[in-house]
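Biologist: Please show me the model, and then let us go through a few questions about it.
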Amino acid sequence: MKKLIAPALVALSLTAPAHAMDLTELTDAERAQFRAEVRAYLMENPEVIMDAVNQLQARQAEAQAQADFTLVSDNAAAIFDDGYSYVGGNPEGDMTIVEFMDYRCGYCKKAFSEVEKLVNGDGNIRFIVKELPILGEQSMVASRFAIATKIVAGDEAYKSVHDALMSFNGDITPTSLGRLANSFDLDAEAIQEKMDSAEVTAEIEKTRALAQTLQISGTPTFVMQDELLRGYLPYDQMKAILEEKRG
């Protein structure tokens, strides 16, 4: 029997498609020897396994990035110009960042000050908030309150309430929301009446449907210009991505 094992052949056996190596022509004895030699080689050179795993992960990451790019491109109108989501920062900015968020999400709260620092410090970022309450009833109540505030009192009031809710760590209740509205001299009764309206429900349902289309399963999730960024990102990393996109 010819010697079957060499480092290149082992690496090929780990990374090549299944059809690339045909072992069906080997006898049972040759197949057993092949397996024994593969095992012996891997025991002596375990880094080969990690190399193969790293290569697989790199390929998967590249495929996911390309799929996400296509998702953003195909749904650009709903992401960047839905007609109802809050638009802040610089509405005429050269870069757009969209955040899908939940007021009860710890990582959203952690990202809040860093996103604010990025948007306010840059001065040329269009920032869009997508209300995506996925963490229980209090999340839903908070989002309904924020959206109702936007409808009743406008964008400036919404931003004040949004910021306050992002910093709020207590239970979201009608009493706490009423106090919050009063702290900004808002009409708490009008806002609470609007919370269960069809208009508020429709906004939440549209955003949820968009999130499902984009395969978003958690918050925060960001869209930065043409790229989906899933999960919390620290300020320095967001800034580096932003600068890279500006070239």
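Modeller: This is a predicted model. Pro 220 lies in the loop that joins helix 10 (198–213) to strand 4 (221–224).

Biologist: Is the peptide bond from Thr 219 to Pro 220 cis or trans?
Modeller: The angle to look at is omega. For the bond from Thr 219 to Pro 220, omega is near -5°. That peptide bond is cis.

Biologist: Which residue in the loop between helix 10 and strand 4 has a positive phi?
Modeller: The residue is not a glycine, yet its phi is about 60°. Its place is in the loop between helix 10 and strand 4. The residue is Gln 215.

Biologist: Is Asp 185 buried or exposed?
Modeller: Asp 185 sits in the loop between helix 8 (174–183) and helix 9 (188–194), and its phi is near 55°. Exposed means over 50% relative accessible area. Asp 185 has 73%, so this residue is exposed.

Biologist: How are helix 5 and helix 11 oriented to each other?
Modeller: The axes of helix 5 (residues 106–122) and helix 11 (residues 235–246) come within 9 Å and cross at roughly 40°. Angles under 35 degrees would count as roughly parallel, and 65 to 115 as roughly perpendicular. Helix 5 and helix 11 are therefore oblique.

Biologist: Which helix gives the most to the largest nonpolar core?
Modeller: That core has 45 residues, and Tyr 103, Phe 145 and Leu 165 have the most contacts inside it. The helix in question gives seven residues and spans residues 137–153. It is helix 6.

Notes: Residues numbered from 1 in each chain as written. Predicted model: local features only at pLDDT ≥ 70, side-chain atom pairs only at ≥ 80, totals over all residues. Heavy atoms only, no water. Core = buried A, V, L, I, M, F, W, Y, C linked by side-chain atoms within 4.5 Å. Buried < 20%, exposed > 50% of the residue type's maximum accessible area, 1.4 Å probe, protein only. Helix = DSSP H or I, 4+ residues; strand = E, 2+ residues; numbered from the N terminus. Axes fitted to C-alpha atoms, helices over the stretch in contact; angles between N-to-C directions. Parallel < 35°, antiparallel > 145°, perpendicular 65-115°, else oblique.
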